[in-house]
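Student: I should like to go through the reasoning behind several descriptions of a protein structure. May we begin once it is displayed?

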Amino acid sequence: MHKNKLFLFLFGNVLLLLVSSCGVQKSLKDIPDVSQYNSDIPERIKINDTTYHAGNNFLTRNEYGLWELYVEGDPYERGLVMGSLTRELIETQERVFLTKVNDLVPNKTWQGFLRSFLKWYNRKIYKHVQPEFKAEIYGVSKYGSEEFNTLATPYLRSLYLHSAHDIGHALQDLALVGCSSFAAWDEKTEDGELLIARNFDFYAGDEFAKQKIIAFINPEDGNPYVSVTWGGFTGVTSGMNTAGLTITINASKSKIPLIAKTPISILSREILQYATTIDEAIAIAKKREVFVSETILIGSAKDGKAALIEVSPKNFGVYEVENSNQLICSNHFQSDAYEDDKRNSKSIEESHSKYRFDRMQEILKEDEGKMTVKDAVSLLRNREGLDDKKIGFGNEKALNQMLAHHGIVFKPETLEVWISANPYQMGEFVAYNLNEVFNDRKNNPATTTLSVTKNTLPADPFLKTESYKNYEEYRVLERKIESAISNETEISEEILNDLQTKNPEYWKAHYLAGRYYYDHKRFNEALRAFKISKTKEITTVPDVESLEKYIKKSQRKVK
């Protein structure tokens, strides 16, 4: 899905939910009981504009622009400390989400309809979040901005935003986020050790990804772990624990359920904190009811391999490779449990999931027997299509769609992790060792820095090219012309030309120009742009069908 559509479906619905939540508060009385937890947390001490500490906990911004957070304690204590340390980041992220409501859904009648529906839809979500995680979320919410209290209480805002991905996915059921991931082990890697990598292609606007947090959480119960997160979010999308178990999530085609249940990010968090093997992860996943379809890739140092847990509202499957030592995951299910699932089959046929799956398979075959961390990062940054075809920058058929929130690489057996700095997955891949981090906190509690290892990998040289500069300019132009098409406003000929020349191999650049020309009754120019677009690698079957429709309409107008 195009990034703007993703933002619209993902957050538009959640924001409307928040606007409606004054009514929800009357029925939601499940404020967590935190009386058994420690609420007497240390005061936050500001060392400078990018470093704070509270007792043995701290937040600092490293030289690569990543925020590093260390938090320990019981659930409520962790939440309070997390909220205290990251209060400015929470406010920033809330503003990114919540100030979009009028822009995304300006129609008051439509807002009223969705408010009523979403109030009903989310009426029991609190019953599907474990008490420990609600206590932590409640603690974090104590530091939510008062600016948004007219929309909802901080606790409700925080709870619902943990299911933003799920709610948008369930209610709109549009094409999916294009996350790509893989695992390799034994003869498939240079040293024989398990290697896992993924892109988290989650786009919520440019401002959203600027404040990435690398959270090192040391809970009172369960496994210490690291995850990549953002202000106010305690769920997990990508992470590894000190037992060498990793988790990443990839959305799949979902049947629309009738009620919200366990958010995927909370299920992932539970697995990461309490599982040490694939079987333990499966057991936890089976206990929880979810309300969207998701593939959870689990890597395990103890098992020396990886597996896929495939969950959906009414089905459950596990996929493990046979006679192979590599596992590839995009956005469709692979287990026998979904063999006859029509939605999954349609997704394989019509979306860009299978294309990216095949591209990963192609690259891994080329690197067979020698895959290293450096190779994995190179794969995550790959911008070409099958057979190295130039398919345009930002094409969702590419592994690097130039919109990722983060890329990440794990070596579970040595507890090493590499996490990308901005922009996208093309900044430095900053290296950490979980043993070093947590041992250092134990032995040197007064420090307010983490041990970035010497294994950090450099930024992508592509960032210094004219092509990258052109792409960033193209992104601005694309938004301008989409706005002009939607609002029926005029744009200059220079913008139309630049749109196509700044990203010439991308089908959408020519398609959008054609749409503008068509809407302004310049049918010859529209037909020419549409025909150029058709020669490029088009993202999905629906995109192809839309383009062909406009070609036929333009041809009739020209005649």
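Student: Why is glutamate 310 called buried or exposed?

Tutor: This is a predicted model. Glutamate 310 has a relative accessible area of 0%, and buried means under 20%, so glutamate 310 is buried. Glutamate 310 belongs to strand E12, residues 305-312.

Student: Which residues are in contact with glutamate 310, leaving aside neighbours within four places in sequence?

Tutor: The contacts include Glu294, Thr295, Asn315, His332, Phe333 and Tyr338. For phenylalanine 333, which is 23 residues from glutamate 310 along the chain, the C-alpha separation is 6.6 Å.

Student: What makes glutamate 339 buried or exposed?

Tutor: The relative accessibility of glutamate 339 is 59%. Exposed means over 50%, so glutamate 339 counts as exposed. Glutamate 339 sits in the loop that lies between strand E14 (326-329) and helix H11 (342-350). Together with Glu322, Asp336 and Asp340, Glu339 forms a patch of negative charge on the surface.

Student: How do you know whether tyrosine 424 is buried or exposed?

Tutor: Tyrosine 424 has 10% relative accessibility; the limit for buried is under 20%, and therefore tyrosine 424 counts as buried. Tyrosine 424 lies in the loop between E16 and E17, and its phi is positive, about 55°, although tyrosine 424 is not a glycine. Proline 423 is in the loop between strand E16 (416-420) and strand E17 (429-433), and the peptide bond leading from asparagine 422 to proline 423 is cis, with omega near 0°.

Student: Why is glutamate 488 called buried or exposed?

Tutor: Its relative accessible area is 71%, and exposed means over 50%, so glutamate 488 is exposed. Glutamate 488 lies in the loop between helix H15 (466-487) and helix H16 (493-501).

Note on methods:
Residues are numbered from 1 along each chain as its sequence is written. This is a predicted model: local features need pLDDT of at least 70, side-chain atom pairs count only at pLDDT 80 or more; totals for chains, interfaces and linings use all residues. Side-chain values use heavy atoms; hydrogens and water are left out. Patches are made of residues with over 30% relative accessible area and no salt bridge: like charges are joined within 9 Å, nonpolar side chains (Val, Leu, Ile, Met, Phe, Trp, Tyr) within 5 Å. Accessible areas come from the Shrake-Rupley method with a 1.4 Å probe; for residues, only the protein chains shown count as cover. A salt bridge is a side-chain nitrogen of Lys or Arg within 4 Å of a carboxyl oxygen of Asp or Glu. Lys and Arg count as positive and Asp and Glu as negative; His and the chain ends are not counted. The place of a charge is taken as NZ of Lys, CZ of Arg, CG of Asp or CD of Glu. Helices (H or I, at least four residues) and strands (E, at least two) are DSSP runs, numbered from the N terminus. Buried means under 20% relative accessible area, exposed over 50%, partly exposed in between (1.4 Å probe, protein chains only). Contact means heavy atoms within 4.5 Å.
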